[in-house]
Amino acid sequence: MNTGSFTLSPKPPYDIKSHLESYSFGEPQPYIYSDSVWRRALRLKDGSLMPVEVEIGRDVESPALGVSIHSELADSQRQETIKKIKWIFNTEYDLLPLYEFMDSDPLLGKVRDNHYGLKPAYFPTVYEGIIVAILQQQLSLKFASHMTWLIVQKFGEFVMTDSKEFWEFPSPEKLAEAHLEDLRECKLSRRKGEYIVNLSQAAARKDFDPESLKNLSYEEILQRLTSFRGLGRWTAEMVIVTSIGHDSTSPAGDLGTRKAISRFYNKGELMPEEEVRRITEKWGKYKGIITYYLIAEHLHGRQTR
């Protein structure tokens, strides 16, 4: 048994700080991010909670993640934790082929230069990504993040280490047993509460394995997720891009996506979903990650022309 402190070296260029700074709203999600340090508890297959801190280096070309696991752990637990961290922090994704593709378009080339090294972070589990996507339906990200924290406090778990709380997202078993009145106290509508309990019950019964979606095609994922009440195409596509990592998926029905694409390809006049899909198709297997870059450019309000 041992504790773990080590350094991971993501593939350069690497800038995940910009992602975390854009999508962290001050309340645990359950991760807490502040001053280049990310921390949360990670639940392993044996049910144990690992309190983890990750300090993100500043060098985009020689990136480093300083990892500290504040618990004794066996070698198998260490390897499982490392695998989770690599997934969450997207350490193995190679941006260079994407950048070669973006170089062929003057606009995309400028966007690449403005966000050089930018990578998205992923949810630790597909289940967590699904629940968060349900919370985000027809709401601002800021308010949805507040609801997420309320749910984490009420139904999640935490471990205390060095006077710091390390929170983990509620398990399917916990939310499967949640009363709608308790979910309503977390600012959820009754329908969203029903959607979450229904899906969690299927996951808790092992009728549905969210992680198995990583082995399916876009069409298969869409079909499986939309079979659940309250999960439409928008929710399924948000799960794909935040929890599964299919770069070839662009959430064209998302308002933020439509605004970003419309700004650069329709002089800011909001386009319908199908028109956005038509435009993104020309980016082929890179349409998801390019959409992500255009959203980042739009959020920063740059004049990219």
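Contact here means that heavy atoms lie within 4.5 Å of each other. Keep that in mind for the whole tour. The model on your screen is predicted.

**Stop 1: the whole protein**

Start with everything shown as a cartoon. The protein has 14 helices and seven strands. Its radius of gyration is 19 Å, close to the 19 Å that the globule rule gives for 305 residues, so the protein is as compact as a globular protein of that length. Turn the C-alpha trace around. Along its principal axes it spans about 50 × 45 × 35 Å.

Now switch on the surface. About 14300 Å² is exposed, and carbon and sulfur atoms supply 48% of that area. Inside, buried residues account for 53% of the 305 residues. How many of the contacts between residues at least 6 apart in sequence join residues at least 24 apart? The share is 66%.

**Stop 2: Thr242 and Ser243**

Hide the surface and select Thr242. You are in helix 11, which runs over residues 233–244. Follow the side chain of Thr242: it reaches the backbone oxygen of Met238 at 2.7 Å. Which residues does Thr242 contact, leaving aside neighbours within four places in sequence? They are Ala121, Tyr122 and Phe123.

Step along to Ser243, also in helix 11. The side chains of Ser243 and Thr242 are joined by a polar contact of 3.2 Å. Is Ser243 buried or exposed? Its relative accessibility is 0%, so Ser243 counts as buried; the cut-off for buried is under 20%.

Show what surrounds Ser243. Beyond neighbours within four places in sequence, Ser243 is in contact with Trp87, Tyr122, Phe123, Thr125, Val126, Gly129 and Lys214. Tyr122 and Phe123 also appear among the contacts of Thr242. Next, pick the C-alpha atoms of Ser243 and Ile88. These residues are 155 apart along the chain, yet the two atoms are separated by 8.9 Å.

**Stop 3: charges over rings**

Stay with two contacts of Ser243, Trp87 and Lys214. Select this pair alone. Lys214 lies over the face of Trp87, at 4.1 Å from the ring centre.

Now select Arg112 and Tyr99. The charged end of Arg112 sits over the ring of Tyr99, 5.9 Å from the centre of that ring.

**Stop 4: rings with rings**

Keep Tyr99 and add Tyr116, Tyr292 and Tyr293. Ring pairs link these four residues into a cluster. How many aromatic pairs does a search of the whole structure find? It finds twelve. One of them is formed by Tyr31 and Trp38, so select those two next. Their rings are stacked, at 6.3 Å centre to centre and with 20° between the planes. Both Tyr31 and Trp38 are buried.

**Stop 5: Leu44**

Move on to Leu44. You are in the loop between strand 3 (37–43) and strand 4 (49–56). Why does Leu44 count as buried? Its relative accessibility is 3%, and buried means under 20%.

Display the partners of Leu44. Not counting residues up to four places away in sequence, Leu44 touches Met50, Gln77, Glu80, Thr81 and Lys84. Take Lys84 from that list. Leu44 and Lys84 are 40 residues apart in sequence, but 9.2 Å apart in space, C-alpha to C-alpha.

**Stop 6: unusual backbone**

Show the backbone as sticks. Most residues other than glycine have a negative phi, and most peptide bonds are trans. The next selections depart from that pattern.

- Select Pro12 and Pro13. A cis peptide bond joins them, with omega about -10°. Pro13 is in the loop between strand 1 (2–8) and helix 1 (17–23).
- Select Gln29 and Pro30. This is another cis peptide bond, with omega about 15°. Look for Pro30 in the loop between helix 1 and strand 2 (32–34).
- Select Asn90. Its phi is near 55°, a positive value in a residue other than glycine. Asn90 lies in the loop between helix 2 (75–88) and helix 3 (96–102). At 7% relative accessibility, Asn90 counts as buried.
- Select Lys187. Its phi is also positive, about 80°, although Lys187 is not a glycine. You will find Lys187 in the loop between helix 8 (180–184) and helix 9 (190–204).

Notes
Residues numbered from 1 in each chain as written. Predicted model: local features only at pLDDT ≥ 70, side-chain atom pairs only at ≥ 80, totals over all residues. Heavy atoms only, no water. Helix = DSSP H or I, 4+ residues; strand = E, 2+ residues; numbered from the N terminus. Polar contact = N/O pair within 3.5 Å; in protein donor to acceptor, adjacent residues only side chain to side chain. Phe/Tyr/Trp six-rings, centres within 6.5 Å; stacked < 30°, edge-to-face > 60°. Buried < 20%, exposed > 50% of the residue type's maximum accessible area, 1.4 Å probe, protein only. Lys NZ or Arg CZ within 6 Å of the ring centre and 35° of its normal. Rg over C-alpha atoms; globule rule 2.2 N^0.38 Å. Areas by Shrake-Rupley, 256 points an atom, 1.4 Å probe, with all protein chains shown as cover.
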